[in-house]
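User: Please take a close look at the pockets of this model, one at a time. Use the sheets and helices to place them where that can be done.

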Amino acid sequence: MQLIDSHTHLYLPEFDDDREAVISRALDKDVAKMLLPNINMESLEQVIKMSDDYPGICYPMTGIHPTSIREDYMQQLKAVTDNIKKHNFIAIGEIGIDLYWDKSFIKEQETAFREQLRIAKKEKLPVVIHSRESIEEIINILDDEGTDGLEGVFHSFTGNIEQAREVIKRGFFIGVGGIVTFKNSGLDKIIESLELENIILETDSPYLAPVPMRGKRNESSYLLHIAEKLAEIKKLPLKEIAKVTTANSINLFKLQ
């Protein structure tokens, strides 16, 4: 059995004391690959270093997280473009719009998102989309920009069933993490109605640890709890959950 953590921030300071042990625990739990979405230009060096240190296990993405978009966003976007030819990035991410934390730079977030979608199309890379309280806005932008030649995932999906179907209809995957294990999230009912072929698994570690680890620092080894919850929801063997979701991640990100 093989699992892929399609979204983990293992390069953050929260893992500085035991990063190697965290990766070892993940491998022991059949999490064979860990994909690293970037946050901003300050984090990119560590994303690349981790991918160099753990080839075939950790894979880098490049992009600007919406909560990192400020007045200097054009400068940051230039850094994304300048770096894109220098490394084997598997995706543009994590990008998107966040209407939860801070709405001060909404226009800049939208402009940066559009520009990064265009970069992804030009470079023929998938996108990893952050859509906290902004799914409708993002769908509208995707329709405006056009989704021909574009694929990706709505990471840590928390929308409703209609939104999930609209996302899938446009050729995107649904990223499922620890929230699906939360008692009152309602995400389990949505996932029950979706085809497994439209789902990839993630932890978003160190955030959003699944039950029974909720409240602790999340890590990639906990992906097994998420896969087990999907097996329960879908009434399928765990190995089938692993087989299909792993194939989905491999195909989306063109992993070797």
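Analyst: A pocket is here an open set of grid points with protein on both sides within 12 Å along at least five of seven lines, and its volume is the space filled by probe spheres set on those points. The model is a predicted one. By that definition the second largest pocket holds about 350 Å³ of space. Its lining takes in 23 residues, and Tyr 59, Pro 60, Asn 88, Phe 89 and Ile 90 are the closest to its centre. Helix H2 (41–53) and strand E3 (58–60) are the elements that contribute two or more residues to this lining. By type, the lining of the second largest pocket splits into 13 nonpolar, 6 polar and 4 charged residues.

Strand E3 leads from this pocket to a sheet. The sheet is open, has 3 strands in the order E1-E2-E3, and is paired in parallel. Its edge strands are E1 (3–5) and E3, each of which pairs on one side only. From one strand to the next, the average twist of this sheet is 20°. Between E1 and E2 (residues 31–36) the pairing is parallel and runs over 3 bridges. Within it, Asp 5 has Met 34 of E2 opposite.

Two helices lie against these strands. Helix H8 (residues 223–234) crosses E1 and E2, at about 120° to E1. H9 also packs on this sheet, where it touches E1 and E2, and its direction makes about 50° with that of E1.

H9 provides a link to another sheet. Helix H9 (residues 238–253) lies across E5, E6, strand E7 (172–176) and E8, running at about 95° to E8. Those strands belong to an open sheet of 5 strands, ordered E4-E5-E6-E7-E8 with parallel pairing. Its edges are strand E4 (92–96) and strand E8 (199–201); each has a single partner strand, so one side of each has no neighbour in the sheet. The twist in this sheet averages 30° between one strand and the next. Helix H4 (residues 106–123) lies across E4 and E5, and its direction is at about 150° to E4. Strands E5 (residues 127–130) and E6 (residues 152–155) run parallel and are joined by 4 bridges. His 130 has His 155 in E6 as its bridge partner.

His 130 brings in the other pocket. The largest pocket has a volume of about 560 Å³. Its lining consists of 22 residues, of which Asp 98, Trp 101, His 130, Arg 132 and Asp 204 are the closest to the centre. Thus His 130 is a residue of this lining and also a bridge partner in the sheet. The lining of the largest pocket divides into 7 nonpolar, 10 polar and 5 charged residues, against 13 nonpolar, 6 polar and 4 charged for the second largest pocket.

Enclosed space is a separate matter. The count is 1 cavity of 30 Å³ or more. The largest cavity contains about 40 Å³. It is lined by Pro 66, Thr 67, Ile 69, Arg 70, Asp 102, Ser 104, Phe 105 and Gln 109. These lining residues comprise 3 nonpolar, 3 polar and 2 charged.

Technical notes: Residues numbered from 1 in each chain as written. Predicted model: local features only at pLDDT ≥ 70, side-chain atom pairs only at ≥ 80, totals over all residues. Heavy atoms only, no water. 1 Å grid on protein atoms, 1.4 Å probe; cavity = no way out; pocket = protein on both sides within 12 Å on 5 of 7 lines; lining within 4 Å. Nonpolar A, V, L, I, M, F, W, Y, C, P; charged D, E, K, R; others polar. Pairing = 2+ DSSP bridges. Axes fitted to C-alpha atoms, helices over the stretch in contact; angles between N-to-C directions. Contact = heavy atoms within 4.5 Å.
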